[in-house]
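Here is a small set of exercises to work through with the model open beside you. Try each task yourself before reading its solution.

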Amino acid sequence: MMADALKVALAGLGTVGGGVIRLLDENRDLIARRAGRPIEVVAVSARDRSKDRGLDLSQLAWVDDTTQLAHADADVVVELVGGADGPALALARATLAAGKGFVTANKAMLAHHGLELGAAAEQAGVPLKFEAAVAGGIPVIKGLREGAAANAIGRVTGILNGTCNFILSRMEAESRDFADVLAEAQALGFAEADPSFDIDGVDAAHKLSILASIAFGTRPAFPNVQVSGIRHVLAADIAEAAALGYRVRLVGVAEAGAGGLFQRVHAHLVPADHPLAHVTGATNAVVAEGNYVGRLLFQGAGAGAGPTASAVVADLIDIARGEFGTAFAMPVDALAAAEPADSGERRGRAYLRFAVADRVGVLAEIAAAMRDAGVSIESLIQRGANPGGDVLVAIVTHEGPERCVASALERLRGSQSLTGEPLWMHILG
Ligand SMILES: NC(=O)c1ccc[n+]([C@@H]2O[C@H](COP(=O)([O-])OP(=O)(O)OC[C@H]3O[C@@H](n4cnc5c(N)ncnc54)[C@H](O)[C@@H]3O)[C@@H](O)[C@H]2O)c1
Ligand SMILES: N[C@@H](CCO)C(=O)O
Ligand code: NA
């Protein structure tokens, strides 16, 4: 005879919440067999009760005050509302305090409050699970936390934001500029409630800080992630990168070293033969380098109703089976406090793009700034006047310390020759 159902209270009935209800309904029998017992949503909460979502909620208890879901007659609460604080955090705290398990896709909340919530879950002896929060449907938390648990991880790199990757791929395929493609990406339901979180790299940084904690056994340290996004990438940059044998991708990099933990989200030039170069559309991918397993590549849908629901329900199945451990792959007390590594001493190659006035001496001025800062130029391309009347100069540097590139850009700050902010993209090594 099958055991009693795992009873679930669900907050948020948007893209992901609706997907969870549909998945649990469609795959009900298979899930019950795999989990050893049925998984049933018994209560829900969202902002607007009367909204038609195409879901049959008639058998479910409706709770107006989302925080009160913590006290519904359920074993586990699933939070799919979003937001680092507000009702999501209040619900997380109330649920764990009530001694119930908590499943969430909310990377913003975990990046800011994951340690507190992890400690609360441990104290209560209940699960806190968040596979959907990082790289959507890809089982990368499970992969690193369980499959790669024996390894010291040296570096994790990943495409962690579907919206940005969709935009960059479209810009690449259709030679369109950023602003043209943005609205299309937003219409697909991947974008965060505040889309600047996607475009400016914040969402990817939330995810990277969670991933780094799992990979390196360190406390999540979102404030230590260096973050920039894709707002200033032009179709022309993508074309120059392609001519040089690279694709432009928003990449998160976390690396453990003697100087501490380095974490960055930044638009990178990725060599065309690197696995991340082949990731297009809203797909995500993570490359992790373990000292025994070698290079692991996780790839799949990083966003969207179906894939994200798949990850949420996988967490519920683990809970139904009684298979759950600590939230961050080790007890919160065992997580180390990683100092942020100084990026100035990191060595690498850079792509620098300048919009300049079309007049005598401009190239010499840029070259002099590079020379004086100790930056060695590998190649330089100048393209004729664009429709705005200025000229684009793209430079690829030889490998060198990042502080030299920063110093070169500082020397050019305020120059009358530049008609816009320079763009600096790192070249993934
Ligand atoms: N959409 C994706 O592809 C995706 C992928 C991974 C993770 N996530 C995360 O999943 C969560 C939900 O995302 P989504 O895309 O489904 O969002 P959504 O905007 O489609 O849905 C949010 C739901 O929460 C409800 N809600 C909003 N504010 C509320 C409040 N103050 N009180 C009660 N209910 C409230 C809304 O009514 C809605 O039902 C977010 O944390 C998001 O970052 C989304
Ligand atoms: N806004 C996120 C959703 C998935 O976390 C993205 O575009 O990747
Ligand atoms: Na995932």
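## Exercise 1: Domains and the first ligand

In this predicted model, the centres of domain 1 and domain 3, taken over C-alpha atoms, are 49 Å apart. Your task: find the domain bounds along the chain, then work out which domains ligand 1 lies between.

Solution. Start with the division of the protein chain: domain 1 covers 6-133, domain 2 covers 140-300 and domain 3 covers 346-427. Next, turn to the shell around ligand 1, where 26 residues are found and G12, G14, R47, G82 and A303 come nearest. Helix α1 supplies the largest share of that shell, with three residues. Finally, ask which domains contribute: domain 1 (6-133) and domain 2 (140-300) both give residues to the shell, so ligand 1 lies between them.

## Exercise 2: Two shells by class

Sort the residues around ligand 1 and ligand 2 into nonpolar, polar and charged.

Solution. For ligand 1, the count is eleven nonpolar, twelve polar and three charged residues. For ligand 2, begin by listing the shell: G136, N161, G162, T163, F190, A191, E192, D198, D203, G302 and A303. Sorting these gives three nonpolar, five polar and three charged residues. As a last step, compare the two lists: A303 is among the nearest residues to ligand 1 and also belongs to the shell of ligand 2.

## Exercise 3: The open sheet

Give the strand order of the six-stranded open sheet and identify its edge strands.

Solution. The order is β3-β2-β1-β4-β5-β6, and the pairing is parallel. The edges are β3 (61-62) and β6 (128-129), since each of these pairs on one side only. In general, strands of a sheet pair through backbone hydrogen bonds, in either a parallel or an antiparallel way. Now zoom in on one pair: β4 (residues 76-79) and β5 (residues 101-104) run parallel and share four bridges. Within this pair, V76 has G101 of β5 as its bridge partner.

## Exercise 4: An annotated stretch

Which residues does UniProt place under "binding site", and are A11 and G17 buried or exposed?

Solution. The unreviewed UniProt entry lists A11, G12, L13, G14, T15, V16, G17 and G18 under this feature. Take A11 to begin with, which sits in strand β1 (residues 6-11). Because 27 other C-beta atoms lie within 10 Å, A11 is buried. Setting aside neighbours within four places in sequence, A11 has contacts that include S45, T66, V78 and L91. Then move to G17, in helix α1 (residues 15-26). G17 is buried as well, because it has 27 C-beta neighbours inside 10 Å. With the neighbours within four places in sequence again left out, G17 contacts L10, G12 and L80. L80 is also in contact with A11.

## Exercise 5: Positive phi without glycine

Locate S175 and A329, and decide how exposed each one is.

Solution. S175 is not a glycine, yet its phi is positive, at about 50°. Its place is the loop between α6 (162-174) and α7 (178-187). S175 counts as exposed because it has 12 C-beta neighbours inside 10 Å. A329, likewise not a glycine, has a positive phi of about 75°. The loop between α11 (305-321) and β13 (347-356) holds A329. Here the count is 19 C-beta neighbours inside 10 Å, so A329 is partly exposed.

Conventions
Residues numbered from 1 in each chain as written. Chains lettered and ligands numbered in written order. Predicted model: local features only at pLDDT ≥ 70, side-chain atom pairs only at ≥ 80, totals over all residues. Near = placed C-beta within 6 Å. Nonpolar A, V, L, I, M, F, W, Y, C, P; charged D, E, K, R; others polar. Helix = DSSP H or I, 4+ residues; strand = E, 2+ residues; numbered from the N terminus. Buried ≥ 20, exposed ≤ 12 C-beta atoms within 10 Å, placed from the backbone. Domains from an automatic or database assignment. UniProt positions renumbered as here; feature names shortened; annotations may be inferred. Contact = placed C-beta atoms within 7 Å. Pairing = 2+ DSSP bridges.
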